[in-house]
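Reader: Hi! I'm new to reading protein models, and I'd love a close look at one small part of this one. Could you walk me through it slowly?

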Amino acid sequence: MLRKCNFCGSYESEENPLIAGDGVYICKNCVISAYQILFGEEEEEESSENFDVELFSPKELKAILDEYVIGQERAKKIFSVAVYNHYKRLFKQQAVEDDTEIAKSNVLMIGPTGSGKTLMAQTMAKFLDVPLAISDATSLTEAGYVGEDVENILTRLIQAADGDIKKAERGIVFIDEIDKISRLSENRSITRDVSGEGVQQALLKIIEGSVVNVSTKGGRKHPNQDFVQIDTSNILFICAGAFDGLSEIIKRRVGGNVLGFNQEKKSKMDEEKLLDFVEPDDLVKYGLIPELIGRLHMIATLNQLTKDDFIKILTEPKNALVKQYKKLFAIDDVELTFEKEAIEAIANLAIKRKTGARGLRAIMEEIMVDIMFELPEYRGYEIIITKDVIEKKEKPILIKKNIKKSA
Ligand SMILES: Nc1ncnc2c1ncn2[C@@H]1O[C@H](COP(=O)(O)OP(=O)(O)O)[C@@H](O)[C@H]1O
Ligand SMILES: [Mg+2]
């Protein structure tokens with residue numbers, strides 16, 4: 001005889017077994033719904049408090065950055081702490097019961113072009129699985145001027161969250177070239193307000209945390225477009241810029257022997273070290289409004305990458321260019337080898353280009369494209385890239401692989 005559930009009437013099955021009572025039966029599905037009716041609310045509350053974000057420790061976060069970002073130890077540390085604090089504030093604020101409110105700690109990254117500022121934010125966002133919107137401050141304008149409204153940053157974030165406002169409200173906004181909207185900047189567009197201050201004010205409004213009406217469609221505001229409201233108080237803002245000339249301002253302030261360096265040592269102290277001493281006042285002198293700086297609590301400075309860093313970038317990260325090319329070649333049964341001197345030559349070229357690590361890919365591509373054009377013909381060969389190949393004096397060395405590797 002087939003037994004059935006006395007609650008819902010469904011028959012016993014492998015997926016839906018019955019629990020027997022005194023002459024009655026209840027199926028698994030009914031037990032689950034009964035549990036949800038009795039305890040469901042509690043369970044839901046818990047999950048919305050933690051969302052689905054696990055809190056990673058600052059060390060864990062930095063370990064993730066280490067996999068992709070070479071050098072920049074101090075900046076990685078600061079950034080990890082900032083992200084940790086941000087999500088702690090977001091999800092665990094209630095863990096200690098008092099009425100202290102933890103302020104949002106947005107981040108300012110100062111460092112030369114191609115030193116890993118964007119990469120750091122991208123790596124973190126990908127790992128945390130939160131939406132990330134990257135905007136360029138130079139394209140922003142105050143409402144009413146030609147260009148992009150500051151609110152568009154949020155539109156982009158909502159798009160990155162696939163339209164999920166709740167998700168967007170816990171996302172990360174990265175604003176690049178923030179130094180270019182400073183009052184002193186020469187990079188101003190003619191169509192924007194003269195000082196850049198208007199844009200800073202507009203940015204301040206969203207960074208401090210407010211409920212903003214944004215168009216879901218992007219583009220300029222228009223009366224018959226759809227608007228949604230987004231609360232920015234839990235969005236982590238990361239502003240970044242190269243801040244050329246900032247070290248001069250710091251040098252002037254630090255002056256004499258304030259740091260205890262004697263004259264000789266001080267003259268050797270390079271610009272980079274100076275940047276580590278940056279204070280809010282220096283940024284005000286640079287032309288950022290104090291209110292905005294006041295919202296960027298954590299300042300991380302990144303160094304100019306060195307030749308050694310470039311070599312590591314080419315070979316070490318999970319997605320290092322050399323590893324990527326080796327794999328691309330291996331698919332065609334070609335073994336790709338870079339001589340140590342060749343890697344160094346690429347690093348040297350990148351230093352000459354002064355575009356930071358960004359130059360590495362361009363240099364690599366220039367060299368590899370000719371080889372890849374003929375790649376399928378090299379099946380079964382080893383290709384050795386020498387220094388002379390990089391310097392375009394020689395063709396790569398080809399060696400027939402004698403031991404046929406199994407796929
Ligand atoms: N510290 C770094 N470690 C590894 N790769 C880097 C680093 N800095 C830059 N890169 C490489 O250079 C590219 C450009 O870097 P990016 O982070 O966009 O520079 P920026 O500091 O100008 O924002 C990255 O996509 C990455 O491939
Ligand atoms: Mg960048």
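In which loop is Asp129 found?

Author: Happy to help! Please keep in mind that this is a predicted model. Asp129 is found in the loop between α4 and β4. Let's begin with that residue and then work outwards.

Asp129 follows directly on α4, and its phi is positive, near 55°. Here is some background: most residues other than glycine have a negative phi. Asp129 is not a glycine, yet its phi is positive. Is Asp129 buried or exposed? A residue counts as exposed if 12 or fewer other C-beta atoms lie within 10 Å of its own. Asp129 has 9 such atoms, so it is exposed.

You can find a second case in the loop between α15 (340-353) and α16 (358-373), where Lys354 lies. Phi of Lys354 is also near 55°, a positive value in a residue other than glycine. Lys354 has 12 other C-beta atoms within 10 Å, so this residue is exposed too.

Now step back from Asp129 into helix α4 itself. Its twelve residues should span 16 Å at 1.5 Å a residue, and the end C-alpha atoms are 17 Å apart, which agrees. The buried residues of α4 are Lys117, Met120, Ala121, Thr123, Met124, Ala125 and Leu128. An α-helix has 3.6 residues a turn, so residues three or four places apart point the same way. Try tracing that spacing through the buried residues, for instance from Lys117 to Met120 or from Met120 to Met124. What do they pack against? The partners are two helices, α2 (58-68) and α3, together with the strands β3 (107-110), β4 (132-136), β7 (172-176) and β10 (236-241).

Helix α4 also leads us to ligand 1. With three residues, α4 (residues 117-128) gives the most to the shell around this ligand. In total, 18 residues surround ligand 1, and the closest are Gly116, Lys117, Thr118, Leu119 and Ala357. Lys117, then, appears both among the buried residues of α4 and among the closest residues to the ligand. By type, the shell divides into seven nonpolar, nine polar and two charged residues. Domain 2 (58-301) and domain 3 (307-400) both contribute to the shell, so ligand 1 lies between them.

Finally, here is the wider setting. The protein chain has 17 helices and 14 strands, and 35% of its 407 residues count as buried.

How values were computed: Residues numbered from 1 in each chain as written. Chains lettered and ligands numbered in written order. Predicted model: local features only at pLDDT ≥ 70, side-chain atom pairs only at ≥ 80, totals over all residues. Near = placed C-beta within 6 Å. Helix = DSSP H or I, 4+ residues; strand = E, 2+ residues; numbered from the N terminus. Nonpolar A, V, L, I, M, F, W, Y, C, P; charged D, E, K, R; others polar. Domains from an automatic or database assignment. Expected span 1.5 Å × (residues − 1). Buried ≥ 20, exposed ≤ 12 C-beta atoms within 10 Å, placed from the backbone. Contact = placed C-beta atoms within 7 Å.
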